[in-house]
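Here is a protein chain to explore step by step. Keep the sequence beside the picture and find each residue as it comes up.

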Amino acid sequence: MKEKDLLARLGKLRTKSGTVETPLLFPVINPSIQPVSPNRLKEEFGFEAIITNAYILKKRYLNQPIEMGLHKFLGYDGAVMTDSGAYQILIYGGVEVDQAEIVNYQEGIGSDIATILDIPTGWKVTKNQASLTVEETLRRAKDFFKIKTRDDILWVGPVQGGRHLDLVTKSALEIGRLPFQIHALGSPTEVMESYRFDVLVDMILTAKKNLPIERPLHLFGAGHPIMFSLAVALGCDLFDSAAYALYAREKRYMTENGTWRLSELDYFPCQCPKCSRETPKNVLDKSAKEQEIFLAEHNLYACSGELRRIKQAIRDGRLWEYVEIRVHSHPALLTAFRKLKEHKDLLEKHNPTVKSSGLFFSDSEGLSRPEVTHYRERITKRYSHPKGSRILLLAPQTYNKPFHKASEFQKIQQVLKRLESSMLHKIHVCFYAAPFGVIPLELDEVYPLSQHDNATPVEDATIRYVASEVANLIMRSNYEAVTLIHDPQNWSDQVKNACKKSCLTKGIKFSHLVLKEDSTKNILTRLEMILRKNLSE
Ligand SMILES: [Zn+2]
């Protein structure tokens with residue numbers, strides 16, 4: 001593994017046909033109606049791996065792929081994954097093969113990555129039905145190890161359970177105990193088609209939490225670039241896309257921000273080699289087959305371009321910011337993104353604590369960021385204010401960072417310098433700041449407390465969070481008095497009210513000065529007065 005960000009990772013997956021980089025997209029190949037040849041997918045489009053359906057191959061081409069070998073049969077020398085036909089069961093009902101047959105067939109053709117014959121749960125099924133699919137998939141998964149004969153193939157153990165999260169938990173826990181090299185999350189296609197990305201977030205993270213974290217996770221049937229970044233951030237390493245070809249057949253043009261019908265476009269919002277040479281009108285004048293090929297090729301470029309951007313965002317430590325941009329493409333994605341609030345601890349557990357770049361906070365969704373969760377955990381459980389400090393002096397965040405070097409703070413510093421040194425160490429300076437809450441002066445250079453930018457004015461939900469963090473600090477500390485430099489213009493009255501309330505509860509003294517109400521000189525004089533008075537009591 002090379003780099004990590006959130007639950008995403010840039011990794012290497014070794015197959016017998018070569019090592020591939022993850023996150024990885026496998027274009028789905030259907031040999032009988034393939035709009036772009038497998039060889040071109042690798043040479044021109046750079047796809048290091050493809051996926052095809054072993055059930056369809058067996059049904060249509062019988063032993064030919066065994067005799068030729070799968071790679072030669074497809075004319076492709078990259079990594080080839082095969083699916084077992086389980087999805088066809090879901091769509092068309094029963095499949096007339098048993099597991100031993102389809103396992104032997106995948107070994108016979110020489111797949112690099114192969115899948116057991118699981119039973120997809122599907123979307124609109126009762127819990128009882130879902131439970132049966134989980135049990136049967138687990139039974140087959142255990143049985144599989146008695147059937148397989150080759151050790152050079154990476155085998156996929158699918159997780160089922162659909163939207164029934166307790167079943168997903170059971171399925172992931174039990175299949176994770178078996179020696180599969182890769183896991184997959186089954187049946188998200190229907191969830192995605194109905195735009196229930198919020199359900200998908202729960203499904204993915206439930207699976208992720210209960211599987212061995214180091215094994216790659218494949219998200220079956222997630223072929224639209226609009227949701228790649230969110231899925232990668234949640235720890236999906238592998239994807240397959242039949243959508244590039246299916247959409248092309250329906251004259252639909254994919255982008256990372258959504259889908260258009262070709263006939264709706266006056267301009268191509270894309271600079272891929274196809275789109276930069278054509279106009280939508282020209283393409284519409286071509287034959288139906290030519291249109292389909294054009295769209296399939298553009299759709300592939302749209303997918304690979306988005307994956308490259310996601311990989312770069314992982315490298316930059318900027319995946320959260322990248323996902324934030326993308327989820328604003330559709331309200332259903334934003335709804336899903338907001339679900340991350342419920343999974344903050346899991347994100348925090350796996351996110352690297354230090355990154356090469358600073359963080360950008362746009363709005364209150366950022367409160368679910370692992371960096372915020374991590375800081376809150378540390379300051380609540382491991383921090384106590386300096387020994388001997390009796391008075392908490394709270395100042396608002398400064399424009400420049402670190403806070404203690406900012407010009408706004410320098411003025412306060414002048415007041416502090418006027419105090420005798422015996423008084424000075426009794427005062428503890430903290431900043432209230434978005435989105436971290438309270439930042440003690442002595443910590444303000446610890447990453448990422450000074451390495452972030454936030455949009456102003458601070459949103460109401462973030463102000464509420466900061467106010468509650470200020471209150472928490474007062475409640476768990478033993479200050480004798482609190483003095484707040486109150487900035488009503490940027491922070492409304494919420495921080496002040498939270499301070500006042502906690503001081504009242506604790507029975508300690510609270511005083512505040514209002515910024516902008518008075519001249520700076522007057523404020524500083526009053527600050528000195530208050531501090532001296534509090535210290536003399
Ligand atoms: Zn294009």
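Right after helix 2 comes L62, and its phi is positive, near 50 degrees. Most residues other than glycine have a negative phi. Helix 2 itself covers residues 54-61. Among its residues, A54, Y55, L57 and Y61 are buried. Now look at the other end of the helix. N53 caps the N-terminal end of helix 2. A side-chain oxygen of N53 lies 2.8 Å from the backbone nitrogen of Y55. Remember throughout that this is a predicted model.

Where else does phi turn positive? L6 is one place, with phi near 50 degrees. L6 sits in the loop between strand 1 (3-5) and strand 2 (8-15). Is L6 buried or exposed? Its relative accessible area is 3%, so L6 is buried. Buried here means under 20%. S492 also has a positive phi, about 45 degrees, and it is not a glycine. Find S492 in the loop between helix 22 (488-491) and helix 23 (494-506). S492 has 30% relative accessibility, so it counts as partly exposed.

Next, look at the peptide bonds. Most peptide bonds are trans. The bond that joins T22 and P23 is cis, with omega about 0 degrees. P23 lies in the loop between strand 3 (18-22) and strand 4 (24-29). Another cis peptide bond joins K401 and P402. Here omega is about -5 degrees. P402 belongs to the loop between strand 15 and helix 19 (407-418).

That loop leads us back to strand 15, residues 391-396. How many of its six residues are buried? Six of the six are, and the strand is mostly covered. Both of its faces are covered. On one side sit I391, L393 and A395, and on the other L392, L394 and P396. Strand 15 also has partners. Strand 15 pairs with strand 16 (residues 427-433) in the parallel sense, over six bridges. Within this pair, I391 stands opposite I427. Strand 15 also runs parallel to strand 19 (residues 481-486), joined to it by four bridges. There, T483 of strand 19 is the bridge partner of L393.

Now move to H452, in strand 18 (residues 452-454). H452 counts as buried because its relative accessibility is 4%. What does its side chain reach? One contact is the backbone oxygen of P448, at 3.1 Å. A second backbone oxygen, that of A434, lies 3.4 Å from a polar atom of the H452 side chain. Leaving aside residues up to four places away in sequence, H452 touches L359, F361, K401, A434, P435 and F436. You have already met K401, which is joined to P402 by a cis peptide bond.

Turn to helix 18, residues 370-382. Does its length fit the rule for a helix, or what would we expect? Each residue adds 1.5 Å, so the 13 residues should span 18 Å. The expected span uses one less than the number of residues. The end C-alpha atoms are 17 Å apart, which agrees. Which residues of helix 18 are buried? They are P370, E371, V372, T373, H374, Y375 and I379. Several elements help to cover them. These include helix 15 (319-327), helix 17 (344-350) and helix 21 (460-476). Strand 14 (359-361) and strand 17 (437-440) are also among the elements that cover them.

Last comes the zinc ion. Which residues hold its protein donors? They are C270, C272 and C275, each through SG, and H298 through ND1. These donors lie 2.1 to 2.3 Å from the zinc ion. In sequence, the donor residues follow the spacing C-x1-C-x2-C-x22-H. C270 and H298 link distant parts of the chain, 28 residues apart. C270 is in the loop between strand 13 (258-261) and helix 13 (280-284), whereas H298 is in helix 14 (residues 288-316). Both C270 and H298 are buried. Why is the arrangement called tetrahedral? The four donor atoms subtend angles of 98 to 122 degrees around the zinc ion, so the arrangement is tetrahedral. The ideal angle for four tetrahedral donors is 109.5 degrees.

How values were computed. Residues are numbered from 1 along each chain as its sequence is written. This is a predicted model: local features need pLDDT of at least 70, side-chain atom pairs count only at pLDDT 80 or more; totals for chains, interfaces and linings use all residues. Side-chain values use heavy atoms; hydrogens and water are left out. Donors are N, O and S atoms within 2.8 Å of the metal (3.2 Å for Na, K and Ca); water is not among the atoms, so sites may look incomplete. Four donors count as tetrahedral if all angles lie between 85 and 135 degrees; four count as square planar and six as octahedral if opposite donors are over 155 degrees apart and all others between 65 and 115; anything else is irregular. Helices (H or I, at least four residues) and strands (E, at least two) are DSSP runs, numbered from the N terminus. Buried means under 20% relative accessible area, exposed over 50%, partly exposed in between (1.4 Å probe, protein chains only). Contact means heavy atoms within 4.5 Å. Two strands pair if DSSP finds at least two bridges between them. A polar contact is a pair of N or O atoms within 3.5 Å; within protein, one must be able to donate a hydrogen and the other to accept it, and residues adjacent in sequence count only if both atoms are side-chain atoms.
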